[in-house]
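Q: I want to learn to read a fold from its coordinates. Can we go feature by feature?

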Amino acid sequence: MLRTAYASILALLALIATAVPAQARLQCVTYARSVSDVQLFGNARTWWDQAAGTYARGHHPRAGAVLAFRATGSMPMGHVAVVSKVLDSRRVLLNHANWSRPGMVEREALAVDVSEAGDWSKVRVWYAPTHSLGLREAPAFGFIYPDGSDTLAGNSVQDAKG
């Protein structure tokens, strides 16, 4: 009887130890979907195209909008982040997951538009391990607006092409 109890305990411990696989970490798409009104699925790199015809898209930051990043060699699935606050036309605070560390949620992380045209096509984002803006520019598509309009300073949204 003691041997059976011991075996049961070992089996339970083995199950617990393997219950958190790497894919169970919080991903940016799961997080963005849970804290915004943009309800898209699939890899972040597909969100910009998926939004066409369902959500307005544009290049002006607005609280509640999702900033969609393009896929790169170091970011092959792309990235999405939710704007928590607009500081000015070139600086926003983002809420997002899986940027600085796998599964890590970051709130109010600074993001800066470093594009020449001021269209948010190149962005630098706060990177926690270095306590600074990231060393690389991250290419972005732009913003996906949850309610279908961009009300920042009366700007009209144009459905921008990826």
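Q: Which residues does glycine 42 touch, leaving out those up to four places away in sequence?
A: Start with contacts, and remember that this is a predicted model. Glycine 42 touches Val29, Trp47 and Gln50 once residues up to four places away are set aside. Glycine 42 sits in the loop between α2 and α3.

Q: Is glycine 42 buried, exposed or partly exposed?
A: Exposure is read from relative accessible area, with buried under 20% and exposed over 50%. Glycine 42 has 44%, so the residue is partly exposed. Sequence distance and spatial distance are separate readings here: glycine 42 and methionine 77 are 35 residues apart in sequence and 9.5 Å apart in space, C-alpha to C-alpha.

Q: Where does leucine 135 lie, and is leucine 135 buried or exposed?
A: Leucine 135 lies in the loop between β7 and β8. Its relative accessible area is 79%, so leucine 135 is exposed. From leucine 135 to arginine 124 the C-alpha to C-alpha distance is 7.5 Å, with their positions 11 residues apart in sequence.

Q: Now the helix. Which residues of α2 are buried?
A: Cys28, Val29, Tyr31, Ala32 and Arg33 are the buried residues of α2. To place a helix, ask what its buried face meets. For α2, these residues pack against α3, β3, β4 and β5.

Q: Which strand holds histidine 96, and what does the side chain of histidine 96 join?
A: Histidine 96 is in strand β4. Its relative accessible area is 1%, so histidine 96 counts as buried. A polar contact of 2.9 Å joins its side chain to that of histidine 79. Beyond four places in sequence, the contacts of histidine 96 include Tyr31, Val80, Met104 and Val125.

Q: Where is asparagine 95, and which backbone atom lies 2.8 Å from a polar atom of its side chain?
A: Asparagine 95 is also in strand β4, residues 91-97. The atom is the backbone nitrogen of glutamate 108. Why does asparagine 95 count as buried? Its relative accessibility is 17%, and the cut-off for buried is under 20%. Its contacts beyond four places in sequence include Tyr31, Ala81, Ser84 and Arg107.

Q: On to rings. How many aromatic pairs does a search of the whole structure find?
A: The search finds 3 aromatic pairs. For each pair, read the centre distance, then the plane angle. Phenylalanine 69 and tryptophan 99 are 5.5 Å centre to centre with 45° between the planes, a tilted pair. This pair links distant parts of the chain: phenylalanine 69 is in strand β2, tryptophan 99 is in the loop between β4 and β5, and they are 30 residues apart. Both residues are buried.

Q: Why is the pair of tryptophan 120 and phenylalanine 143 edge-to-face?
A: Their ring centres are 5.3 Å apart and their planes lie at 70°, so the pair is edge-to-face; the cut-off for that label is over 60 degrees. Tryptophan 120 is in the loop between β5 and β6 and phenylalanine 143 is in strand β8, so the pair ties together parts 23 residues apart in sequence. Tryptophan 120 is buried at 0% relative accessibility. Phenylalanine 143 is buried at 0% too.

Q: Which residues of the largest nonpolar core touch the most other members?
A: Look for the hubs. Leu67, Phe69, Leu94 and Val123 hold that place among 18 residues. β2, β3, β4, β6 and β8 each supply at least two residues of this core. β8 gives the most, with 4 residues. Take valine 123: beyond four places in sequence, its contacts include Leu67, Phe69, Val112 and Ala140. A second, separate core has 16 residues, among them Val29, Trp48, Phe141 and Ile144.

Q: Last, the empty space. What is the volume of the largest pocket, and which residues lie nearest its centre?
A: The general idea is simple. Rolling a probe the size of a water molecule over the atoms shows where empty space is left. Here the largest pocket has a volume of about 580 Å³. Its lining has 25 residues, and Ser74, Met75, His79, Asn98 and Trp99 lie nearest the centre. α2, β6 and β8 are the elements that give two or more residues to the lining. β6 gives the most, with 4 residues.

Definitions and conventions: Residues numbered from 1 in each chain as written. Predicted model: local features only at pLDDT ≥ 70, side-chain atom pairs only at ≥ 80, totals over all residues. Heavy atoms only, no water. Buried < 20%, exposed > 50% of the residue type's maximum accessible area, 1.4 Å probe, protein only. Polar contact = N/O pair within 3.5 Å; in protein donor to acceptor, adjacent residues only side chain to side chain. Contact = heavy atoms within 4.5 Å. Phe/Tyr/Trp six-rings, centres within 6.5 Å; stacked < 30°, edge-to-face > 60°. Core = buried A, V, L, I, M, F, W, Y, C linked by side-chain atoms within 4.5 Å. 1 Å grid on protein atoms, 1.4 Å probe; cavity = no way out; pocket = protein on both sides within 12 Å on 5 of 7 lines; lining within 4 Å. Points joined across faces, edges and corners; volume = space filled by probe spheres on them.
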